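Visitor: I would like to learn how to read a structure like this one. Could you walk me through it?
Guide: Gladly; let us put it on the screen and begin.

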Number of protein chains: 2
Amino acid sequence: MSTEHPPRPTDAELEILTVLWSRGPTTVRDVHETIAARRPTQYTTVLKQMQVMAEKGLVLRNEDQRAHIYEAARPREWTQKQLAGDILARAFNGSAKSLMMGALSSRKASKQELAELRALLDEYEKRTR
Amino acid sequence: MSTEHPPRPTDAELEILTVLWSRGPTTVRDVHETIAARRPTQYTTVLKQMQVMAEKGLVLRNEDQRAHIYEAARPREWTQKQLAGDILARAFNGSAKSLMMGALSSRKASKQELAELRALLDEYEKRTR
DNA sequence: ATCTTACTACGAGGATCGTCGTATGTCAAC
DNA sequence: GTTGACATACGACGATCCTCGTAGTAAGAT
């Protein structure tokens with residue numbers, strides 16, 4: 001059993017993980033095309049990045065096909081939990097309230113989003129009571 | 001007028017900013033002693049770091065005294081807003097709900113903290129209605 | 001068979017990060 | 001005026017990040 005955590009992803013790595021999470025297991029080409037649609041970048045740059053990520057344990061690679069299939073080693077929620085916990089401890093003194101204040105003040109929140117947040121609190125309280 | 005944003009602070013820079021925010025304007029010695037109490041580090045390491053931070057615009061430096069006085073260039077809340085907005089966009093698809101889920105799942109939240117979060121939502125809704 | 005296309009492997013380079021050692025300056029106390 | 005304590009300045013080093021070019025390989029099309 002692996003209790004080994006992959007390291008915190010860097011900015012570029014997180015961008016790639018985001019694609020993998022939404023696309024599911026896929027090829028370098030696919031990831032590159034997605035990223036290149038928003039930002040100019042070379043195919044081999046993405047390739048190299050993903051090779052390094054495989055070494056770090058951030059992604060898994062299936063080499064059965066000629067075009068290797070990559071997938072995120074950890075589910076989105078798992079990594080989000082790590083990142084949230086990390087930033088919470090390092091920048092917000094562990095205060096979830098401060099973090100939420102920062103998030104809300106960084107952009108407008110819709111009425112619906114606020115309702116979702118309330119629902120989340122309800123749910124959390126129910127689950128842990 | 002400066003609309004110039006200082007860059008996102010690195011991990012080491014954030015640690016120093018945290019000290020400056022809680023201590024207020026102070027010397028390198030003071031910052032170093034605070035950090036060295038938790039983690040072994042050399043005085044000149046902290047000094048160099050803070051010099052670089054001054055160049056980047058992350059801190060302000062008053063050189064009137066022999067021991068320069070440093071202070072954070074931006075208040076804690078301002079930087080927290082940047083960091084929250086940044087992580088929100090890069091790792092959480094802009095979803096405050098996901099961010100909150102990550103934060104809550106990363107460690108236990110007390111009943112009081114949950115109440116604070118509710119109060120924060122109330123307050124936010126009131127202010128923006 | 002050769003050509004073309006698509007893929008991986010890999011080295012390398014420039015930038016930034018975090019660290020520290022050393023040089024140098026200042027000031028007070030002896 | 002020499003010494004010692006304490007401050008800044010600064011260069012340099014190893015590690016990591018991000019980028020890309022080039023080489024090599026596999027497979028299908030002509």
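**Reading the contacts**

Guide: A search over all chains of the whole structure finds 24 salt bridges. Please keep in mind that this is a predicted model.

Visitor: What is the general idea behind such a pairing?
Guide: Side chains of opposite charge can pair when their charged atoms come close. For a case inside one chain, take A:Arg90 and A:Asp86, whose side chains form a salt bridge with an N to O distance of 2.2 Å. Both residues belong to helix 4 of chain A, where they are four residues apart, about one turn of the helix.

Visitor: Which residue of chain B does A:Arg90 meet in a salt bridge?
Guide: That residue is B:Asp11, and the N to O distance is 3.0 Å. Between chain A and chain B the count is eight salt bridges. Polar contacts between these two chains come to 16 residue pairs, with both residues at pLDDT 80 or more.

Visitor: Which helices of chain A supply at least two residues each to the side that touches chain B?
Guide: They are helix 1 (11–23), helix 4 (76–91), helix 5 (96–106) and helix 6 (111–128). By residue class, the side of chain A that touches chain B divides into 18 nonpolar, ten polar and 14 charged.

Visitor: How is the size of an interface given?
Guide: Often as the accessible area lost when the parts come together. Here chain A and chain B bury about 4,200 Å² between them, and 63% of that is on carbon and sulfur atoms. On the chain A side, the residues that lose the most area to chain B are A:Arg118, A:Leu121 and A:Tyr124, together 16% of what that side buries. In terms of contacts, 42 residues of chain A meet 42 residues of chain B.

Visitor: How are two copies of a chain related?
Guide: By a rotation about an axis and a shift along it. In this model, a turn of 180 degrees with a shift of 0.0 Å along the axis lays chain A on chain B, with an RMSD of 0.1 Å. That is the relation of a two-fold axis. The same surface serves both copies, since 100% of the contact residues of chain A recur in chain B.

Visitor: Let us turn to the DNA. Which residues are closest to DNA strand D?
Guide: Of the 22 residues that surround DNA strand D, the closest are A:Thr10, A:Lys56, B:Arg29, B:Tyr43 and B:Arg61. Two of these can be followed to phosphate oxygens of the strand: a polar side-chain atom of B:Tyr43 lies 2.5 Å from one, and a polar side-chain atom of B:Arg61 lies 2.9 Å from one. With B:His68 it is a backbone N or O atom that lies 3.3 Å from a phosphate oxygen of DNA strand D.

Visitor: What share of the atoms of DNA strand D within 4 Å of the protein belongs to sugar or phosphate?
Guide: The share is 65%, and the rest belong to bases. The surface near DNA strand D draws at least two residues each from helix 1 and helix 3 (43–56) of chain A and from helix 3 (43–56) of chain B. Its residues divide into four nonpolar, nine polar and nine charged.

Visitor: And which residues come nearest to DNA strand C?
Guide: There are 22 residues around DNA strand C, and A:Arg29, A:Tyr43, A:Arg61, B:Thr10 and B:Arg66 come nearest. Of the atoms of DNA strand C that come within 4 Å of the protein, sugar and phosphate account for 63%.

Visitor: Where do phosphate oxygens of DNA strand C come in?
Guide: One is 2.9 Å from a side-chain N or O atom of A:Arg61. A polar side-chain atom of A:Gln51 lies 3.1 Å from a phosphate oxygen of DNA strand C, while for B:Gln42 a polar backbone atom is 3.3 Å from a phosphate oxygen of that strand. Helix 3 of chain A, together with helix 1 (11–23) and helix 3 of chain B, are the elements that give two or more residues to the surface near DNA strand C.

Key
Residues are numbered from 1 along each chain as its sequence is written. Chains are lettered from A and ligands numbered from 1 in the order in which they are written. This is a predicted model: local features need pLDDT of at least 70, side-chain atom pairs count only at pLDDT 80 or more; totals for chains, interfaces and linings use all residues. Side-chain values use heavy atoms; hydrogens and water are left out. Contact means heavy atoms within 4.5 Å. Buried area is the accessible area (1.4 Å probe) that two parts lose on being put together, summed over both. A salt bridge is a side-chain nitrogen of Lys or Arg within 4 Å of a carboxyl oxygen of Asp or Glu. A polar contact is a pair of N or O atoms within 3.5 Å; within protein, one must be able to donate a hydrogen and the other to accept it, and residues adjacent in sequence count only if both atoms are side-chain atoms. Ala, Val, Leu, Ile, Met, Phe, Trp, Tyr, Cys and Pro count as nonpolar, Asp, Glu, Lys and Arg as charged, and the others, Gly among them, as polar. A residue is near a molecule or strand if one of its heavy atoms lies within 4 Å of it. Copies are superposed by least squares on the C-alpha atoms of residues with pLDDT of at least 70 in both.
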